[in-house]
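Reader: I've got this one open on my screen and would like a close look at a single part of it. Could you walk me through it informally?

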Amino acid sequence: MLKKKVKSAVNCFCRMFPDAKNIIDVGCREGYSIEYFLKKDKNPLGIEIKMPKKGYPRIDVRGCVVVDDFLGINITPTGTKDAVFSRHSIEHMDTKAFFKRCSEVLKPGGILFIVFPLQQWATLNRGLDDEKEMLSIEDSMSDFFKEPKDFKTTHFGKTSEFGIKPMDIDYLWVGEKI
Ligand SMILES: C[S@@+](CC[C@H](N)C(=O)[O-])C[C@H]1O[C@@H](n2cnc3c(N)ncnc32)[C@H](O)[C@@H]1O
C-alpha cells in the first residue's frame, strides 16, 4: 500500500517535471522512491536519518542514500540539484530550517515538491495538540506555504487535484527556487 502511494507521488513528479534529473528525496525511509526514480532514469539521492531495514529496497540502492540529518548535512557543491522531492517528512522537521536547506541545495529555478498531511503538519509544527484546535487550512498554511522565503509557489492543493494517492487527505505544495 505504501509502495503504491510513494509510486503515485513519484509518477506525478515525473509527469510534471520530466527534465528534472538530479533529485534529492528528503526522508526516503525504505527507499521505494529511490527505486522508482532509478527506473525512470533519474539520478536520485535519498537522505534519511534512520538506518536501513533489511528486506527493503534501500539495502539494494547503496550509493543513492545517505544516512544523515537533512537539516545538518553538508552537501557540496550546493546549488546544483534540479529538485527536492519529499513525501510525508516535512511535518517531522522544523519547516523554516527545511526550506532553508532546500534553498541551499537547489539551483535557481529548481523545484521543491512536497507531499504532506496538512493537519499533521499544523499539529506538529504549530504546537496544536488537539486536532479540534486545528486552524483553518488557510491560517495553517499562512506562514510557510503561501510564499516561503526564496520560493515562488507554483502549485498547491489536495493531492486528488494532481492525481496523487491517497486522495483528499494529503496536500501537494510545489515551489520554484527564485
Ligand atoms: C513518515 S516517514 C515518510 C517516509 C517516506 N518518504 C514515505 O513517503 O513513506 C518520514 C521520514 O522522514 C525521516 N526524517 C525525519 N526527520 C529527518 C531529517 N531531519 N533528515 C532526514 N530524514 C528525516 C524519518 O526518519 C522518516 O523515515
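To get my bearings, how many helices and strands does the chain have? And then, which residues of helix H1 are buried, and what do they pack against?

Author: Happy to, just keep in mind that this is a predicted model. The chain has five helices and seven strands, and from the N terminus on they run α-β-α-β-β-β-α-β-α-α-β-β. Of the 178 residues in the chain, buried ones make up 40%.

Now for H1 itself. Helix H1 covers residues 2-16, so to speak the opening α of that order. H1 has 15 residues and spans 21 Å from its first C-alpha to its last, close to the 21 Å expected at 1.5 Å a residue. Its buried residues are Val6, Ser8, Ala9, Val10, Cys12 and Phe13. Those buried residues of H1 pack against helix H2 (32-39), strand S4 (81-87) and strand S5 (106-116).

H1 also has a hand in the ligand site. Both H1 and strand S2 (43-48) supply at least two residues each to the shell around the ligand. There are 18 residues around the ligand, and Gly27, Arg29, Ile49, Phe70 and Arg87 come nearest. Sorted by class, that shell has nine nonpolar, four polar and five charged residues.

For another helix to look at alongside, try H4 (residues 118-125), where Trp121, Ala122 and Asn125 are buried. They sit on the same side of H4 because they cover an arc of only 95° around the axis. Just after H4, Gly127 takes a positive phi of about 70°.

Technical notes: Residues are numbered from 1 along each chain as its sequence is written. This is a predicted model: local features need pLDDT of at least 70, side-chain atom pairs count only at pLDDT 80 or more; totals for chains, interfaces and linings use all residues. A residue is near a molecule or strand if its C-beta atom, placed from the backbone, lies within 6 Å of it. Helices (H or I, at least four residues) and strands (E, at least two) are DSSP runs, numbered from the N terminus. Ala, Val, Leu, Ile, Met, Phe, Trp, Tyr, Cys and Pro count as nonpolar, Asp, Glu, Lys and Arg as charged, and the others, Gly among them, as polar. A residue is buried if 20 or more other C-beta atoms lie within 10 Å of its own, exposed if 12 or fewer, and partly exposed in between; C-beta atoms are placed from the backbone. The arc is that of the directions from the helix axis to the C-beta atoms. The expected span of a helix is 1.5 Å times one less than its number of residues. Two residues are in contact if their C-beta atoms, placed from the backbone, lie within 7 Å.
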